[in-house]
Amino acid sequence: LLRPSNAGLRLHRGRVIGKATTVPILTEETHAELVSMLTDPSRRSNNDGPTPKYLLAGLAVCGRCGGRMRRTVGRLERNPRTGSTKRQPPAYQCQECFRVRRRQDLVEEVVERAIIGRLSRADAAGLFRQGDSEMAAECRELIAGLDAKLDVAAAQFADDVITAEQLKRITAQVRERRQQTVRRLEAAQPKTVFADLPGPRAGERWEKLTLGAKREIIEMLMTVTVLPSGPGQRFQPKQIQIGWKT
């Protein structure tokens, strides 16, 4: 998979010197993407990471330090006067400063009410743009290949395979192609499964969505910030700040 000849490139003394006479079976972008992925030292082939299990875990932001909020199990609190213990309900807590903590169900209720209200408005139909999904997918694939080509060029420069001048020339050409492709992608936003979500029945449709779909919509439409408050204060909806993305 790492052979340059797969992309129709000629190799001489460990360096790509031009086009080969063989018929390529991969595009240069796809080949560069494969090389970048397979030689990435941080790559883990047996661990895709945990699947999110909670609506706002990793999405909500701490209003004190800007860290990401994670879901924590209910903790036991001891009454110093009576000695009795009481388990607190699950909550979202900042994983950076650990100073901001809010009940999970109350935070999620505020966010879900806000997003259903937004989806129920008359102008909500324009939130999920229609477009050419095939063109968008093609652009994304090309962008990934171009990014991989930049990574490969940087690695080749680090290994003294190419010179600084060659790296500069390659980078300029690839970045120009990338900018053009990004503009094409912006003009060809794909059709989305969320296109029918807005409207008077947004609440009913929202309830039927999977957790992953709900998280995707939240990340697409809003920024959720959990604000700090003084000790002993009861939960108030205003402690959850919602910023709408344009």
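**Helices, sheets and two buried residues**

Colleague: H2 and H6 are roughly perpendicular to each other. At what angle do H2 and H6 pack?

Modeller: This is a predicted model. The H2 and H6 axes lie 12 Å apart. Roughly perpendicular covers 65 to 115 degrees. The packing angle of H2 and H6 falls in that range because it is about 75 degrees.

Colleague: Which residues of H6 does H2 meet?

Modeller: H2 spans residues 104-119, and H6 spans 211-221. From H2, the residues involved are Val111, Glu112, Ile115 and Leu119. On the H6 side they meet Lys214, Ile217, Ile218 and Leu221.

Colleague: How many helices and strands does the protein chain have?

Modeller: The chain runs to 246 residues, and buried residues make up 32% of them. Among contacts between residues at least 6 apart in sequence, 58% join residues at least 24 apart. The secondary structure comes to 10 strands and six helices.

Colleague: What is the strand order in the open sheet with mixed pairing?

Modeller: That sheet has three strands. Strand E3 (61-62) and strand E10 (240-244) have a single partner strand each, so they stand at the edges, and one side of each lacks a neighbour in the sheet. The order is E3-E9-E10.

Colleague: How many bridges join E9 to E10?

Modeller: Take both partners of E9 in turn. E3 and E9 (residues 222-226) run parallel, joined by two bridges. E9 and E10 run antiparallel, and Met222 stands opposite Trp244 in E10. The number of bridges joining E9 to E10 is five.

Colleague: How many of the residues in E9 are buried?

Modeller: Look at what packs around E9. H2 touches E9 and E10, and its direction makes about 30 degrees with that of E10. H6 lies across E9 and E10, running at about 90 degrees to E9. E9 is mostly covered, and of its five residues the buried ones number four.

Colleague: Which residue in E9 is the bridge partner of Cys62?

Modeller: Cys62 is found in strand E3. In that strand, Val61 stands opposite Thr225 in E9. For Cys62, the bridge partner in E9 is Val226.

Colleague: Why does Cys62 count as buried?

Modeller: Residues under 20% relative accessible area count as buried. Leaving out residues up to four places away in sequence, Cys62 touches Gly67, Met69, Cys94, Cys97, Val100, Thr225 and Val226. Cys62 counts as buried because its relative accessibility is 3%.

Colleague: How far apart in space are Cys62 and Leu227, C-alpha to C-alpha?

Modeller: In sequence, Cys62 and Leu227 are 165 residues apart. E3 and E9, the strand pair around Cys62, run parallel. In space, the C-alpha to C-alpha separation of Cys62 and Leu227 is 6.5 Å.

Colleague: What is the strand order in the open sheet with antiparallel pairing?

Modeller: This sheet also has three strands. Strand E4 (69-72) and strand E8 (101-103) are at the edges with a single partner strand each, so one side of each is without a neighbour in the sheet. From one strand to the next, the twist averages 30 degrees. The order is E4-E7-E8.

Colleague: Which residue in E8 does Ala91 stand opposite?

Modeller: Strand E7 covers residues 91-94. E7 and E8 pair in the antiparallel sense over three bridges. Opposite Ala91, in E8, stands Arg103.

Colleague: At what angle does H2 run to E8?

Modeller: H2 packs on the mixed sheet, touching E9 and E10. H2 also lies across E4, E7 and E8. Its angle to E8 is about 80 degrees.

Colleague: With which side chain does the side chain of Glu29 make a polar contact?

Modeller: Glu29 lies in helix H1 (residues 28-38). At a relative accessible area of 13%, Glu29 is buried. Beyond neighbours within four places in sequence, its contacts are Leu142, Gly145, Leu146, Lys149 and Arg177. The polar contact is 2.8 Å, and the partner side chain is that of Arg177.

Colleague: How far does helix H4 reach from its first C-alpha to its last?

Modeller: H4 (residues 164-186) has 23 residues. Its buried residues include Leu167, Thr171, Val174, Thr181 and Leu185. At 1.5 Å a residue, 33 Å is expected, and the reach is close to that, at 32 Å.

Note on methods. Residues are numbered from 1 along each chain as its sequence is written. This is a predicted model: local features need pLDDT of at least 70, side-chain atom pairs count only at pLDDT 80 or more; totals for chains, interfaces and linings use all residues. Side-chain values use heavy atoms; hydrogens and water are left out. Two strands pair if DSSP finds at least two bridges between them. Contact means heavy atoms within 4.5 Å. Axes are lines fitted to C-alpha atoms, for helices over the stretch in contact, and angles run from 0 to 180 degrees between N-to-C directions. Buried means under 20% relative accessible area, exposed over 50%, partly exposed in between (1.4 Å probe, protein chains only). A polar contact is a pair of N or O atoms within 3.5 Å; within protein, one must be able to donate a hydrogen and the other to accept it, and residues adjacent in sequence count only if both atoms are side-chain atoms. The expected span of a helix is 1.5 Å times one less than its number of residues. Angles under 35 degrees count as roughly parallel, over 145 as roughly antiparallel, 65 to 115 as roughly perpendicular and the rest as oblique.
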